[in-house]
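The following exercises invite the reader to work through a protein structure step by step. Each task is followed by a full solution.

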Amino acid sequence: MGNKDFKKELTKIVNDKKFLNVVCIALILAFLLLAISFLNTTRKKSEKSVSVSGEETIDIISNEGNDIFKNYEEQQKNELKNLLRKIKGVGEVEVMIYFKSGEVKVPATEDTTTQSFTEESDSQGGKRTNNQQTDGTKVVMAGNGSTTEPYILQVNKPEISGVVIVAEGASSSKVKYDIQVAVSSLYDISIDKVNVYPMKD
């Protein structure tokens, strides 16, 4: 077969509509298969990265919360010890503080009221009105870059439920009472929640 015959045959095949349709369908199928396989691998990678980063985020948040609470607890203990040492007759002192709960964040909320009023007429000419009101509350969200978080109005420090104090001068009933009054006033708790004991020699 000469060069010219080959070109004629090739031109005839290329110009044939059935052949062009088959080629187009084959290309479309090949493209779809490539796209599906690419999407599947990308999704698996993103699922892995999301699960790993999610775990890390949770750990970081919980660790940060624990660190903040421990720092607050240590700060309160040190401040109380320094204060009590300045009271006459107390001497050396050790302190243990008990908390009801951790830090409480109070988000901003928005009250929403939905009211609907309908009037119906029946075939006898009677009228009936229906007035419905729905009240609700939703948390106000604030944008922080690509994420949204609740808008925090105030942060309430952990509430103290009781204090135990061991002091050198606590064998004196006056010193013991002075310590109880001071701690009760400082943390706004009742005197019976402030337990004071003398330190052993």
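**Exercise 1.** Determine whether D178 is buried, partly exposed or exposed, and identify its salt-bridge partner in this predicted model.

*Solution.*
Step 1. The relative accessibility of D178 is 23%. Buried would require a value under 20%, and exposed a value over 50%. D178 therefore counts as partly exposed.
Step 2. The salt-bridge partner of D178 is K174, and their closest N and O atoms lie 2.9 Å apart.
Step 3. Helix α3 holds both K174 and D178, at a spacing of four residues, about one turn of the helix.
Step 4. K174 has a relative accessibility of 57%, and therefore counts as exposed.

**Exercise 2.** State how many salt bridges a search of the whole structure finds, then describe the one between E74 and K77 and the one between E92 and R85.

*Solution.*
Step 1. The search yields five salt bridges. As background, side chains of opposite charge can pair when their charged atoms come close.
Step 2. Between E74 and K77, the closest N and O atoms are 3.8 Å apart; a salt bridge requires such atoms to be within 4 Å.
Step 3. E74 and K77 are both part of helix α2, three residues apart, which is given as about one turn of the helix.
Step 4. E74, at 41% relative accessibility, is partly exposed, whereas K77, with a relative accessible area of 17%, is buried.
Step 5. For E92 and R85, the closest N and O atoms are 3.0 Å apart. E92 has a relative accessibility of 34% and is partly exposed; R85, at 34%, is also partly exposed.

**Exercise 3.** Locate Q76, classify its exposure and list what Q76 touches beyond four places in sequence.

*Solution.*
Step 1. Q76 belongs to helix α2, which covers residues 17-85.
Step 2. The relative accessibility of Q76 is 11%, so Q76 counts as buried.
Step 3. With residues up to four places away in sequence set aside, Q76 touches I97 and Y187.

**Exercise 4.** Which members of the largest nonpolar core touch the most other members, and which elements each supply at least two of its residues?

*Solution.*
Step 1. This core has 20 residues, and L84, V163, I165, I179 and V183 are those that touch the most other members.
Step 2. At least two core residues come from each of α2, β1 (93-99), β8 (160-167), α3 (173-187) and β9 (194-198).
Step 3. In soluble globular proteins, nonpolar side chains tend to be buried together.
Step 4. I165 serves as an example: beyond four places in sequence, its contacts include L84, V93, V95, I179, V183, V194 and V196. E94, N195 and Y197 are also in contact with I165.

**Exercise 5.** Give the strand order of the open three-stranded sheet and identify its edge strands.

*Solution.*
Step 1. The order is β1-β8-β9, and the pairing is mixed.
Step 2. β1 and β9 each pair on one side only, and they are the edge strands.
Step 3. On average, and with direction ignored, neighbouring strands of this sheet are turned by 10° against each other.
Step 4. The pairing of β8 with β9 is parallel and spans five bridges. V164 has N195 in β9 as its bridge partner.

**Exercise 6.** Describe the hairpin of β5 and β6, and then the backbone of D188.

*Solution.*
Step 1. β5 (residues 141-144) and β6 (residues 147-150) pair in the antiparallel sense, with four bridges. N144 stands opposite T147 in β6.
Step 2. Two residues lie between the strands of this hairpin, and G145 in the turn has a positive phi of about 70°.
Step 3. D188 also has a positive phi, near 55°, although D188 is not a glycine.
Step 4. D188 is found in the loop between α3 and β9. Its relative accessibility is 72%, so D188 counts as exposed.

**Exercise 7.** Summarise the protein as a whole by its elements, burial, contacts and surface.

*Solution.*
Step 1. There are three helices and nine strands, and from the N terminus on they run α-α-β-β-β-β-β-β-β-β-α-β.
Step 2. Of the 201 residues, 15% are buried.
Step 3. Among contacts with a separation of 6 or more, 64% join residues 24 or more positions apart.
Step 4. The accessible surface is about 15900 Å², with 56% belonging to carbon and sulfur atoms.

Terms used:
Residues are numbered from 1 along each chain as its sequence is written. This is a predicted model: local features need pLDDT of at least 70, side-chain atom pairs count only at pLDDT 80 or more; totals for chains, interfaces and linings use all residues. Side-chain values use heavy atoms; hydrogens and water are left out. Buried means under 20% relative accessible area, exposed over 50%, partly exposed in between (1.4 Å probe, protein chains only). Contact means heavy atoms within 4.5 Å. A nonpolar core is a set of buried Ala, Val, Leu, Ile, Met, Phe, Trp, Tyr and Cys residues joined through side-chain atoms within 4.5 Å. Two strands pair if DSSP finds at least two bridges between them. Axes are lines fitted to C-alpha atoms, for helices over the stretch in contact, and angles run from 0 to 180 degrees between N-to-C directions. A salt bridge is a side-chain nitrogen of Lys or Arg within 4 Å of a carboxyl oxygen of Asp or Glu. Accessible areas come from the Shrake-Rupley method with a 1.4 Å probe; for residues, only the protein chains shown count as cover.
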